[in-house]
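Biologist: Can you take me through this one? I have the sequence and the coordinates open.

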Amino acid sequence: MSLAPLIAFDKVWKTYGHGEAEVRALAGIDLAIDEGEFVAIMGPSGSGKSTAMNIVGCLDTPTSGHYGFMGTDAGRLDRNRRAVLRNLYIGFVFQGYNLLPRTTAAENVELPLIYRGVAAHERRTLAMKALAEVGLEGREHHTPAELSGGQQQRVAIARAIVTRPTLLVADEPTGNLDTARSHEIMQLLTSLNQDAGLTIVMVTHEADIAAYAGRTIAFRDGHIASDTKKLEAA
Amino acid sequence: MIWETVRLALRSVRRNALRSFLTLLGIVIGVAAVIAMLTIGSGTTEKVKADISQLGSNLLIVRAGRPAAPGSGPQQTIRQLGEKEVAALTAHLEGVRAVSPASQKQVRVVFGTESLTSSITGTDNAYLDARDWKLASGRPFSESEVRGGINVCLIGETVRQQFFGSGDPDGAAVRIGRVSCKVVGLLEAKGYSGFGQDQDNVVLMPLSAFQRRIAGSRDIETIYVAADDATPTQVVQTRIEDIMRDTRRVTADREDDFSVRDMTQIADAMASATATMTGMLGAVAGVSLLVGGIGIMNIMLVSVTERTREIGIRLAIGAHEKHILIQFLVEATVLSLLGGLIGIAIGLALAGAASLALSIPFAPSLAVVLLAVGFSALIGMVFGFFPALRGARLDPIEALRHE
Ligand SMILES: Nc1ncnc2c1ncn2[C@@H]1O[C@H](COP(=O)(O)OP(=O)(O)OP(=O)(O)O)[C@@H](O)[C@H]1O
Ligand SMILES: [Mg+2]
């Protein structure tokens, strides 16, 4: 493992609004996550999980404090530089899949490669490979409307890993799925973490989903309430 | 990358085909109007130019009544032109090829069972010279016919078509009003004038015959003067004015009671009037293009709002602001370019139809077409910029949350 952690929160605050209406979504978080970890974030609604995930994924920046990603002060980068970071190193999986409608699975998976300037034929090859990895051979030319929720989430995962990112950020990836489908998705994520060494940070409300992760961090009112590592994973 | 974006834009245009088409209507109408107007305009200009040479080059026209001045109102009494002025001009005017008196009246001409209202012109042989008009067959008037006022006539192509088809009219007797007149010659076809007038619907007869039997007066409406090639029309015009003032005893302190007009000037004036018309209609078309541009802006704003989530996804995945900007700019440009191309096709079709209907040349210009293409692309870019920028500036987190 590298010496510096992949993700380093240093007294990160995130507040919304001013004065009376001020909301402290994150109240001085300190946190370090190393490359290769599989972290589950839990906590009640409104405790700041999504806010933290947006900062981890370089979509947002702290109000104060520092957010270090891969050794850079990512919280101080402008939005276009953060876009480059996301494109090169980060994959996203959302609760609501967030695929482009009326666009085939293959085209959805190709999307991040377009912004990398990858040539068309190479894009298609890489997209097919990623779709195969998530077990969607033969569904490449289906649009989201023609796929089940579980299959759509697999397309979203393929889209997240097609660029071979360092970090996968997943905000409630199983939130819209039934139990059987949720466990299939978790098995897929676990294998990506173990076989490809992909660092995963995932938000979930369910303990049995969090159990797939090697480390569970609980949020409460913008603070970290607990941070526990599975013994066998250490 | 840019090709990718164009494909994406075409797909989005096709997906909302009806909406896209309605949006484009403004651009289509604007471009069609511009193309049609400019093409018809340049056809008309060509026609006017052709008419100048057809009227007879270096032609001057002398008429009774003072030159029309703006706001001068109708003149009370006009002292008509007569034999005296023709004689004076014929005798004293230098540097001219021909001097010819002419009077005109619309009269019904009958032959057999056919009839036609034609422009009957009383004149002499010099008229043919002055107007550069040749005979297709037959002969001009003889000296004695002109002097004696014999009922003989030269007919235009339209009159021949009406009465004789493609046959030979020579020697036939047509009835003009109540007078029978023998056809001695056929005039060469001249076609329509720039004013849309059929120049071949004419019957020429000796002036004195016309005055006595058709007009019933000895007035002369017009004296045509053709300057020779060595003398500028302005010089001839001055000489005509001198002789006319002298003959009609117009003293230096009084206004002329006649006018001398230079056909070249009239043709020029008409060409510039056409240009002004074209310009004005072009301005109207410009307004329509502006409306079209606003339509594009509106639909692009709708499109950006509708696709906020898509923009959020693209931004999260690593799209640069400029990627989003380009995507929507290209879409707006493709949209208005499409409108431009449809407009060009419709405009050219309209101009083609108009040139058939008005019998003017069809004069499409590559430069105008390219200009329209460029202009419609520019409209897309200009009016698409603000919506595109709005899309590009979206906050990815907000955009992803958008329903
Ligand atoms: N854009 C915003 N403007 C104002 N307040 C916000 C904004 N985003 C989040 N908040 C507030 O910040 C706090 C943390 O929100 P966050 O979305 O991180 O919660 P969460 O832990 O993800 O909750 P859930 O489990 O319901 O998704 C909440 O009180 C929320 O209302
Ligand atoms: Mg949340």
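Modeller: What follows goes through the two chains in turn, then a few residues, and the model is a predicted one.

Biologist: Start with chain A. How many helices and strands are there in chain A?

Modeller: Chain A has seven helices and 10 strands. Its C-alpha atoms fill a box of roughly 50 × 40 × 40 Å along the principal axes.

Biologist: What is the radius of gyration of chain A, set against a compact globule?

Modeller: Chain A has 18 Å, and a compact globule with 234 residues would be near 17 Å, so the two agree. Of those 234 residues, 54% are buried.

Biologist: And chain B, how many helices and strands there?

Modeller: Chain B contains 13 helices and 10 strands. Its C-alpha atoms take up a box of roughly 100 × 55 × 40 Å along the principal axes.

Biologist: What does the globule rule give for chain B?

Modeller: For 403 residues the rule gives a radius of gyration near 22 Å, but chain B has 32 Å. Buried residues are 49% of the 403 in chain B.

Biologist: What share of the contacts joins residues at least 24 apart in chain B?

Modeller: In chain B, 78% of the contacts between residues at least 6 apart in sequence are of that kind. For chain A, 69% of the contacts with a separation of 6 or more come from residues 24 or more positions apart.

Biologist: Surface next. How much of the accessible surface belongs to carbon and sulfur atoms in chain A?

Modeller: In chain A, 52% of about 10100 Å² belongs to carbon and sulfur atoms. For chain B, the accessible surface is about 19200 Å², and carbon and sulfur atoms hold 61% of it.

Biologist: How many charged side chains, positive and negative, does chain A have?

Modeller: Chain A carries 23 positive and 27 negative side chains, with the centres of the two sets 4 Å apart. Chain B carries 39 positive and 38 negative ones, and there the centres lie 6 Å apart.

Biologist: Change of topic: cysteines. How many disulfides are there over all chains?

Modeller: Zero.

Biologist: Why does B:Cys153 not bond to B:Cys181?

Modeller: The sulfur of B:Cys181 is the closest cysteine sulfur to that of B:Cys153, but at 3.1 Å it is too far for a bond, because a disulfide needs the two sulfur atoms within 2.5 Å. B:Cys153 is buried, with a relative accessible area of 0%.

Biologist: Is A:Cys58 buried or exposed?

Modeller: A:Cys58 has 1% relative accessibility, so it counts as buried.

Biologist: Backbone now. Which loop holds A:Tyr97?

Modeller: A:Tyr97 sits in the loop between strand E6 (90–94) and helix H3 (105–114) of chain A. Its phi is near 65°, a positive value in a residue other than glycine. A:Tyr97 is buried, at 11% relative accessibility.

Biologist: And where is A:Arg102?

Modeller: A:Arg102 is also in the loop between E6 and H3 of chain A, with phi near 55°, again positive in a residue other than glycine. At 54% relative accessibility, A:Arg102 counts as exposed.

Biologist: Last one, helix H7 of chain B. Which of its residues are buried?

Modeller: Helix H7 of chain B covers residues 207–215, and its buried residues are B:Leu207, B:Ser208, B:Ala209, B:Phe210, B:Gln211 and B:Ile214.

Biologist: What do the buried residues of H7(B) pack against?

Modeller: Their partners in chain B include strand E2 (96–111), strand E3 (114–123) and helix H5 (143–148). Just after H7(B) comes B:Gly216, with a positive phi of about 70°.

Note on methods: Residues are numbered from 1 along each chain as its sequence is written. Chains are lettered from A and ligands numbered from 1 in the order in which they are written. This is a predicted model: local features need pLDDT of at least 70, side-chain atom pairs count only at pLDDT 80 or more; totals for chains, interfaces and linings use all residues. Side-chain values use heavy atoms; hydrogens and water are left out. Helices (H or I, at least four residues) and strands (E, at least two) are DSSP runs, numbered from the N terminus. The radius of gyration is taken over C-alpha atoms; the globule rule is 2.2 Å times the number of residues to the power 0.38. Buried means under 20% relative accessible area, exposed over 50%, partly exposed in between (1.4 Å probe, protein chains only). Contact means heavy atoms within 4.5 Å. Accessible areas come from the Shrake-Rupley method with a 1.4 Å probe; for residues, only the protein chains shown count as cover. Lys and Arg count as positive and Asp and Glu as negative; His and the chain ends are not counted. The place of a charge is taken as NZ of Lys, CZ of Arg, CG of Asp or CD of Glu.
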